[in-house]
Amino acid sequence: MKLWSIEGNSQKLDGGSMFGNAPRAMWTKWATPDDLNRIPLATRGLLATPLNGKTVLFETGIGAFFEPKLRERFGVQEDRHVLLDSLRAAGFEHTDIDVVVLSHLHFDHAGGLLAPWEEGRAPELLFPNATFVLSTPHWLRAQRPHPRDRASFIPGLCELLEATGRLEFVEGARAPSLGDAVRFHHSDGHTPGMMLAEILGPRMQDDGLAHGGVVFCADLVPGLPWVHVPITMGYDRYPELIIDEKQGFLADMAAREVRLFLTHDPGTALAQVVRGDDGRFSATRTSATLIARELHAEASS
């Protein structure tokens with residue numbers, strides 16, 4: 001199995017919103033804001049093939065579906081669909097993807113499912129040969145969002161996905177299309193029903209668990225600064241819950257040497273999490289990109 005980091009459209013969002021209750025004097029050490037107080041963010045996906053005999057894309061980034069005014073409002077930097085360009089650079093087309101795994105359906109994670117905006121053209125779903133994998137609880141949330149997060153969902157996307165007949169819902173740790181190659185962790189702190197997909201590593205230890213894999217962290221750990229457990233986003237629905245979830249999640253990933261794949265960090269795609277003697281987590285062995293990286297290389301590096 002080989003792995004690629006697939007860059008999507010970049011974005012700039014308000015730094016205060018991204019770092020929740022962390023004071024500006026602290027978060028500006030991690031990210032430099034522009035004159036509008038916005039910080040740069042990536043929206044990258046992870047491509048794995050062959051994974052259970054399939055070509056699998058974990059998330060699609062924000063894409064280019066916004067009309068110009070909304071693109072400006074949400075800080076999307078490019079008007080072209082960058083993820084499609086990145087797939088081609090890796091040797092793939094969106095039609096080659098067998099499975100798209102969606103941690104959740106917020107627009108900066110699922111917008112890349114849609115073709116670029118064109119005036120007078122109805123939204124069009126890409127990935128015509130893919131099964132779309134997401135959790136049942138989040139699907140229900142996306143169909144009936146709370147007023148606080150309604151703007152995070154793309155109107156009409158659920159209907160487009162449902163019309164394909166290619167939806168696959170996950171409630172436990174496994175998805176039928178991915179078999180035993182992927183284990184799902186579930187989180188409700190950012191949004192109800194978010195899934196974190198772990199590509200299981202090649203080493204089975206005495207504890208009976210797989211070691212040395214890669215996990216797509218979605219918005220539980222969107223970038224390196226959020227490895228620090230108390231740091232949350234203003235967009236998180238339940239900040240105290242996400243802190244508790246991160247504590248257990250990162251302890252597990254550190255113990256099993258599972259690498260963190262970061263979707264929003266502008267400079268880092270992959271990192272190893274370690275736990276110090278004081279119990280605090282930090283990141284090491286960072287990689288900016290993955291280009292046909294073999295999974296067993298991650299396990300041994």
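**Sheet packing and backbone features of the predicted model**

Strand 15 (residues 270–275) pairs with strand 16 in the antiparallel sense over 5 bridges; strands (E, at least two residues) and helices (H or I, at least four) are DSSP runs numbered from the N terminus, and two strands count as paired if DSSP finds at least two bridges between them. Within strand 16, Phe281 is the bridge partner of Arg275. The structure is a predicted model, in which local features need pLDDT of at least 70 and side-chain atom pairs count only at pLDDT 80 or more, while totals for chains, interfaces and linings use all residues. Residues are numbered from 1 along each chain as its sequence is written, and side-chain values use heavy atoms, with hydrogens and water left out.

Strands 15 and 16 belong to an open sheet of 6 strands with mixed pairing, in the order 9-10-13-14-15-16. Its edges are formed by strand 9 (182–187) and strand 16, each of which pairs on one side only. On average, neighbouring strands of this sheet are turned by 30° against each other, direction ignored. Axes are lines fitted to C-alpha atoms, for helices over the stretch in contact, and angles run from 0 to 180 degrees between N-to-C directions. Helix 8 (residues 239–255) packs on the sheet and touches strand 9, strand 10 (194–199), strand 13 (214–216), strand 14 (259–261), strand 15 and strand 16, contact being defined as heavy atoms within 4.5 Å. The direction of helix 8 makes about 100° with that of strand 15.

Most residues other than glycine have a negative phi, and most peptide bonds are trans. A cis peptide bond, with omega about -10°, joins Thr49 and Pro50; Pro50 lies in strand 4 (residues 45–51). Positive phi values occur at Asn37, near 70°, and at Ala292, near 50°. Asn37 is placed in the loop between helix 2 (24–27) and strand 3 (38–41), whereas Ala292 is in the loop between strand 16 (281–287) and strand 17 (293–294). Ala292 is partly exposed because its relative accessibility is 29%; buried means under 20% relative accessible area, exposed over 50%, and partly exposed in between (1.4 Å probe, protein chains only).

A search of the whole structure finds 0 disulfides, a disulfide being a pair of cysteine sulfur atoms within 2.5 Å. Cys158 counts as buried because its relative accessible area is 10%, and Cys217 is buried at 0% relative accessibility.
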